[in-house]
Amino acid sequence: MSPPGSDLAIKRGPDLIELKNVSVSYGSKEVLKDVSLEIKKGKVIAIMGPNASGKSTMIRLMNGLLLPGSGDCLVDGINTRDDMYYARRQVGMVFQDPEDQLVSRKVLDDVAFGPKNLGFSSFESLAVAIESLSLVGLEKMADKSVHDLSGGQKQLLSIAGVLAMNPSYIAMDEPTSLLDGEGTGLVREIIGKLKSGYRGIVLVTHDPAEALLADEIFVVDNGKIAMRGTPEEIFSRHEELESIGVDVPQMLRFSKRLKKLGADTGDLWSVEGAVREICHWS
Ligand SMILES: Nc1ncnc2c1ncn2[C@@H]1O[C@H](COP(=O)(O)OP(=O)(O)OP(=O)(O)O)[C@@H](O)[C@H]1O
């Protein structure tokens, strides 16, 4: 079910988010410096980098929460300077702390809040909410209080809330960094499921294992894109990564081992499956 009026927005370009020569300063401090990148619908992009390198600033630009000081951010060809609401509508945000995104006491109402705001009737909003809860495996919790959910389930709830708005892209800002192992597993599983969908996913993460879910990784260092490539390309350059300040677990340093595992299965990116096994991900 598409939200009412969602077909009224006039796309002006291809299905992608583009940052074009973007710079951002907070006061006199320049935190992004001439950054350019593209995120295509249907792809998962991970953004990694040390603390304060500018990762969150990049995704705040993408959904129009922030406008660039110079350069442009376009969503489907529409400049966020001209229409920040198109970006807000098309780029759903999932934040680090799910508590920040809770708006209702009851699970179902929390997810129905977004579609209601978009103009769905109460009945339609509840139907969309149930569908979204099913997508993240929380449908049985629909009648519960949000306070009955674990941290991981709360993050799934915020993902369901975003899915209910049917955005073309979802930007996640360290969605597992406050969760325990079990919660992290739950959220990763859903990110893995979203990966096979048509939406574009932008995942800001400090966790190299999580970045393996991506089709492409951008590594940001001091406001610039220092590295860009597939997970396999990026992790095979682990010394460079570590010099930037991105910790690479021992396991991912064995790029030869990854390649061998890939060769064993005949498909390099079933390496991801092998890594999952080695990392004991469910
Ligand atoms: N609203 C703001 N006002 C002033 N400075 C800010 C603001 N938001 C971010 N900054 C500063 O900009 C720099 C980049 O912040 P940003 O949150 O984009 O980095 P990050 O890579 O996401 O960091 P982390 O991994 O620690 O979350 C940091 O030095 C931060 O303190």
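**Exercise 1. What covers the buried residues of α5?**

Before we start: this is a predicted model, where local features need pLDDT of at least 70, side-chain atom pairs count only at pLDDT 80 or more, and totals for chains, interfaces and linings use all residues. Numbering starts from 1 along each chain as its sequence is written.

*Step 1.* Locate the helix. α5 covers residues 151-163; helices here are DSSP runs of H or I with at least four residues, strands are E runs with at least two, and both are numbered from the N terminus.

*Step 2.* Check its span. The 13 residues of α5 reach 19 Å from first C-alpha to last, close to the expected 18 Å (1.5 Å times one less than the number of residues).

*Step 3.* Sort out burial. A residue is buried if 20 or more other C-beta atoms lie within 10 Å of its own, exposed if 12 or fewer, and partly exposed in between, with C-beta atoms placed from the backbone. Twelve of the 13 residues in α5 are buried, including Gly152, Lys154, Ile159 and Leu163.

*Step 4.* Look up the cover, using contacts (C-beta atoms, placed from the backbone, within 7 Å). It includes strands β6 (91-94) and β7 (169-173), along with helices α3 (107-118), α4 (122-135) and α6 (181-195).

**Exercise 2. Work out the order of the four-strand open sheet and place α1 on it.**

*Step 1.* Strands pair if DSSP finds at least two bridges between them. That gives the order β2-β1-β4-β5, with antiparallel pairing.

*Step 2.* Find the edges: β2 (29-40) and β5 (78-79) each pair on one side only.

*Step 3.* Zoom in on β1 (residues 16-26), which is joined to β2 by eight antiparallel bridges. Opposite Leu16 you'll find Lys40 of β2.

*Step 4.* Add the helix. α1 (residues 55-62) packs on this sheet and touches β1, β2 and β4 (70-75), its direction making about 125° with that of β1. For such angles, axes are lines fitted to C-alpha atoms, for helices over the stretch in contact, and values run from 0 to 180 degrees between N-to-C directions.

**Exercise 3. Trace the surroundings of β8 in the six-strand sheet.**

*Step 1.* Write down the order: β6-β7-β8-β3-β9-β10, an open sheet with mixed pairing. β6 and β10 (224-229) have a single partner strand each, so one side of each lacks a neighbour in the sheet.

*Step 2.* Take the partners of β8. β3 (residues 44-48) pairs with β8 in the parallel sense over four bridges, with Ile45 partnering Val202 and Ala46 partnering Leu203. β7 also runs parallel to β8, through five bridges, and Ile170 sits opposite Ile201.

*Step 3.* Follow the chain from β7 through α6 to β8: this β-α-β crossover is right-handed (strands pointing away from the viewer, the path from first strand over helix to second runs clockwise). α6 lies across β3, β7 and β8, at about 150° to β8.

*Step 4.* Check burial. Five of the five residues of β8 (residues 200-204) are buried, so the strand is largely enclosed by the rest of the structure. Gly200, Val202 and Val204 cover one side, Ile201 and Leu203 the other.

**Exercise 4. Which residues have the most contacts inside the largest nonpolar core?**

*Step 1.* Define the core: buried Ala, Val, Leu, Ile, Met, Phe, Trp, Tyr and Cys residues joined through C-beta atoms within 7 Å.

*Step 2.* Read off the result. The largest core has 73 residues, and Met62, Ala160, Val202 and Leu203 have the most contacts inside it. α5 gives the most to this core, with six residues.

Note on methods:
Contact = placed C-beta atoms within 7 Å.
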